[in-house]
Amino acid sequence: MSSTSQRPLLRRGWRRRPPRVAEAAAVALGVHEGDRGTPGYVPRAADADLAARVDRGPLVVAHGPRLAGTSRALVHAARCRLPDHRVVRFPEAVRSDPRRLVDEATTWVGHCDGAVLWLDDAHQALLARIDSDFLATVPDGVRLLVTARRAVVGSGALPQPAREALAGHAVAIDPDPENPASPDTPDSPAPRDHLTLRMARARAQLLPEYWRVPTVALLRAAIDWDRLQVPFPLGRDLLRRLALLYCNDFGPMPLAERDAAVDALLESLGRGWITVSTRDGRPHHRPHPLLTAAAEDPDVGWSPSDDVWRVYADLPPTALGPVALAAGRS
């Protein structure tokens, strides 16, 4: 496939050529920017391992729990080791075929020191297509730098060839106990008592008490969509439908009261715990990262509901991506 036919896949704003790694904004590469902006980098135990693997290539998979600062750690390693490489990033809608993405990144090799194919928060369906045969086709001068959630990398749902390939290139990023993550900027230093207070508030939002069932249902619906990495934006109508299904899971409730409560919560974006961004050109409702971290706490956590995949299955066929296979549907 020619570079001309591939060019429209490039991220908007990088029309002529992608930026150098040293020039690319950290936020554009998946680093969260909070109320205090993006602070300086806090050294991590995995830094040396990350740098060595970035040097070797062709693949680095940095993975960790929520709030561990995985994206920031990989950005730091890339800036230190590959500052003049061009960094190419794609919207999620076209990230299903890694071979095609490598072909696009390869068009920049020869025009610069090299190219980085940046895949932040990689979905299970994409990781499933990375194996030793694929890695053997990655040309010199191209690096695949990937961040992923630890639960996805360790998932038994990935094919064995993918698990073996990823294991040989994976670096675990753990939160620094001496520099606990900030709830606003997930990988910056913050006072321990501030983080503890905010985490306690997040956990409290998820306790299934009867009088606040609509709130819990709405937040859990958004969290599960995010945890399962459904490859489709969670718009208002989808979130409303899913929240109503989650309400039913908690027991009977007068329909008029339930619907009115969910609609009011949508207006307030879950009382500030949900943000609306643009994903693949559509509005997308995303839970606060503290909520997804709290959902992994055994005291308040739960297994994602099958209702997510039922709602996803009802989308138009054109919206269904390769993740359907990873979810066990055919």
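Reader: Why does Thr 215 count as buried?

Author: Thr 215 has a relative accessibility of 6%. Buried means under 20% relative accessible area, exposed means over 50%, and partly exposed lies in between, with a 1.4 Å probe and protein chains only. Since 6% is under 20%, Thr 215 counts as buried. A word on the ground rules: this is a predicted model, where local features need pLDDT of at least 70 and side-chain atom pairs count only at pLDDT 80 or more, while totals for chains, interfaces and linings use all residues. Residues are numbered from 1 along each chain as its sequence is written, and side-chain values use heavy atoms, with hydrogens and water left out.

Reader: Thanks! Where is Thr 215 found, and which residues is Thr 215 in contact with, leaving aside its neighbours within four places in sequence?

Author: Thr 215 is part of helix H10; helices (H or I, at least four residues) and strands (E, at least two) are DSSP runs, numbered from the N terminus. Leaving aside neighbours within four places in sequence, its contacts are Gln 205, Leu 265 and Arg 271, where contact means heavy atoms within 4.5 Å.

Reader: What makes Ala 200 partly exposed?

Author: Its relative accessible area is 39%. That value is neither under 20% nor over 50%, so Ala 200 is partly exposed. Ala 200 sits in helix H9, and its C-alpha lies 9.6 Å from that of Leu 290, although the two are 90 residues apart in sequence.

Reader: What makes a set of residues a nonpolar core, and how many residues does the largest one have?

Author: The members must be buried Ala, Val, Leu, Ile, Met, Phe, Trp, Tyr and Cys residues joined through side-chain atoms within 4.5 Å. The largest such set has 38 residues, and Trp 225 and Leu 239 have the most contacts inside it. At least two residues each come from helices H9 (192-205), H10 (213-227), H11 (236-249), H12 (255-267), H14 (289-294) and H15 (307-313). H10 gives the most to this core, with eight residues. Another core, of 27 residues, lies apart from it and includes Leu 59, Val 102, Ile 130 and Val 142. As a general point, nonpolar side chains tend to be buried together in soluble globular proteins.

Reader: Which residues does Trp 225 touch, not counting those up to four places away in sequence?

Author: Among them are Val 230, Phe 232, Pro 233, Leu 242, His 284 and Val 311.

Reader: Why is strand S4 described as largely enclosed by the rest of the structure?

Author: Eight of the eight residues of S4 (residues 142-149) are buried, so the strand is largely enclosed. Val 142, Leu 144, Val 146 and Ala 148 are buried on one side, and Arg 143, Leu 145, Thr 147 and Arg 149 are buried on the other.

Reader: How do you know that strand S1 and S4 pair?

Author: Pairing requires that DSSP finds at least two bridges between two strands. S1 (residues 59-64) and S4 have six, in the parallel sense, so they pass that cut-off. Val 61 stands opposite Val 146 there. Strand S3 (residues 115-119) also runs parallel to S4, joined by five bridges, with Ala 115 partnered by Val 142.

Reader: How do you know that the buried residues of H4 line one face of the helix?

Author: In H4 (residues 98-106), Pro 98, Leu 101, Val 102, Glu 104 and Ala 105 are buried. Seen down the axis, these residues fall within an arc of 160°, so they line one face; the arc is that of the directions from the helix axis to the C-beta atoms.

Reader: Why is Leu 29 called buried?

Author: Its relative accessible area is 2%, which is under 20%, so Leu 29 is buried. Leu 29 lies in the loop between H1 and helix H2 (47-56), and touches residues including Val 75, Val 87 and Trp 118.

Reader: Finally, what is the average pLDDT of the chain?

Author: pLDDT is the predictor's confidence in each residue, from 0 to 100, and the chain averages 79, with 79% of the residues scoring at least 70. Helix H1 (residues 3-6) has the lowest mean among the elements, 34, and helix H6 (residues 132-135) the highest, 95. Over residues 320-330 the pLDDT stays under 50.
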